[in-house]
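Got your viewer open? Let's take a short walk through the fold, one selection at a time.

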Amino acid sequence: AAEKVPYLLKWKAIVEQLFRFYHASGIRTASLLTILEEPKVKVTEAKDVRWLSHNKAVKAIRHCLPSLLTSLEHEARERCDAMAFGAGDFHATIQIRGSSDDDVRCVARTGEPTKDAVYSTVGTVVMGAITTVRSMKEHPELNFRELPDTIGQLSDQPFRFKKPSANDVSDFKSNVFNKFIDAVVNNLESRFPLIPVLGSFSMFNPTTVPEDQAERNDHCKDELQMLVERFTAVLPDATEAASEYRVLKNTIHQDLGLQKTSTTVLMEKVAGPLKEAMPNFRLLAAVGLLLQTSTADCERGFSTLKRVKTAQRNRLQNEALNAVLRVSMEGPSVADFSKTEAEKMVFEWAREKRRLLV
């Protein structure tokens with residue numbers, strides 16, 4: 001969404017410049033640490049592959065902004081550092097930009113729900129996030145509301161500070177803040193085009209099956225019809241699928257064990273042990289199991305990659321990196337790794353070619 005707003009691309013370049021300015025120099029970092037009131041706070045890198053890293057970068061800068069400006073002035077004055085002169089002009093930009101992260105945090109509050117939760121709540125959660133972000137145009141959240149007070153506090157500090165005028169703030173709200181909100185809303189709407197279809201898989205939730213026979217017969221008819229129409233190509237007989245679903249609902253009503261299972265577990269049973277009794281309906285269960293409703297696995301992969309491929313291991317080739325990542329993410333626990341297995345692996349490795357074993 002930020003790529004739709006040129007101002008935010010400029011902001012990103014400033015934050016990257018600021019991170020490199022301190023990250024590449026131990027002297028500058030040490031100088032900043034002597035000024036910081038809270039040494040644990042540090043300038044972080046904003047990475048596009050980590051969906052909240054921009055928010056964390058802005059939060060860190062806003063938290064230690066007075067100390068950061070003091071440090072930049074010191075570097076520019078004492079060491080005549082041209083980069084410090086340029087980075088020092090970012091203060092008003094970064095302070096106003098921080099207010100745009102309100103809607104990023106709002107989207108983040110939707111969380112990373114489990115697959116079962118997504119089936120039944122995805123529509124409600126996404127639409128709630130869209131409505132909340134859109135309402136920020138008229139009802140901004142905390143960062144934007146506190147902007148005048150924060151600018152006033154910075155103006156009283158001894159360092160050089162270019163105070164934005166009322167027109168600057170007004171232009172920012174109309175040309176940056178509101179446009180960013182529109183871009184976020186458009187991205188959310190385009191990212192979830194099949195919310196009704198995904199929500200229809202809540203028909204596999206065993207806890208919603210009614211007690212009354214008449215209500216049970218009509219339960220989730222609309223959801224079933226939507227899935228049948230959507231996946232006609234994989235269903236040999238839609239009529240038989242509807243009949244098999246009625247059997248499944250009555251089976252759930254009679255089986256206390258099935259009533260206590262989750263949506264995903266029921267899908268697994270329908271697509272597995274019950275597939276002979278439900279040859280048509282099981283295909284819908286298989287589709288539901290294959291749909292990727294969470295980015296947790298992808299995020300876990302990014303975290304593992306960051307932990308494995310460090311700056312000191314930047315020569316790690318793709319084949320070896322892939323193997324190490326698989327072992328780290330999918331391999332057995334170190335606690336389950338016996339001494340015998342370890343010795344076996346060492347000798348297997350040694351047989352690959354002539355090696356000197358100490």
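Keep in mind that this is a predicted model. Start by selecting Met203, Phe204, Leu248, Phe281 and Leu284: they have the most contacts inside the largest nonpolar core, a set of 25 residues. Now color the helices that feed it: H14, H15, H17 and H18 each bring at least two residues to this core. H18 gives the largest share, with 5 residues. As a bit of background, nonpolar side chains tend to be buried together in soluble globular proteins.

Zoom in on Met203. Leaving out residues up to four places away in sequence, Met203 touches Cys220, Glu223, Leu224, Leu227, Tyr245 and Phe281. For a side trip, pick Trp11, Leu32, Cys64 and Leu65, which belong to a second, separate core of 19 residues.

Next, select helix H15, residues 238–254. Try checking its length: at 1.5 Å a residue, its 17 residues should span 24 Å, and the end C-alpha atoms sit 25 Å apart, so the two agree.

Which residues of H15 are buried? Show Ala241, Glu244, Tyr245, Leu248, Lys249 and Ile252. They cover an arc of only 150° around the axis, so they lie on the same side of H15. The general rule behind such patterns is that an α-helix has 3.6 residues a turn, so residues three or four places apart point the same way.

What covers those buried residues? Helices H13, H14, H16, H17 and H18 are among the cover. Spin around to the face turned away from the buried side, and you'll find the exposed Thr239 and Gln254.

Last stop, the start of H15: a side-chain oxygen of Asp237 comes to within 3.0 Å of the backbone nitrogen of Thr239.

How values were computed: Residues numbered from 1 in each chain as written. Predicted model: local features only at pLDDT ≥ 70, side-chain atom pairs only at ≥ 80, totals over all residues. Heavy atoms only, no water. Helix = DSSP H or I, 4+ residues; strand = E, 2+ residues; numbered from the N terminus. Expected span 1.5 Å × (residues − 1). Buried < 20%, exposed > 50% of the residue type's maximum accessible area, 1.4 Å probe, protein only. Arc of directions from axis to C-beta. Contact = heavy atoms within 4.5 Å. Polar contact = N/O pair within 3.5 Å; in protein donor to acceptor, adjacent residues only side chain to side chain. Core = buried A, V, L, I, M, F, W, Y, C linked by side-chain atoms within 4.5 Å.
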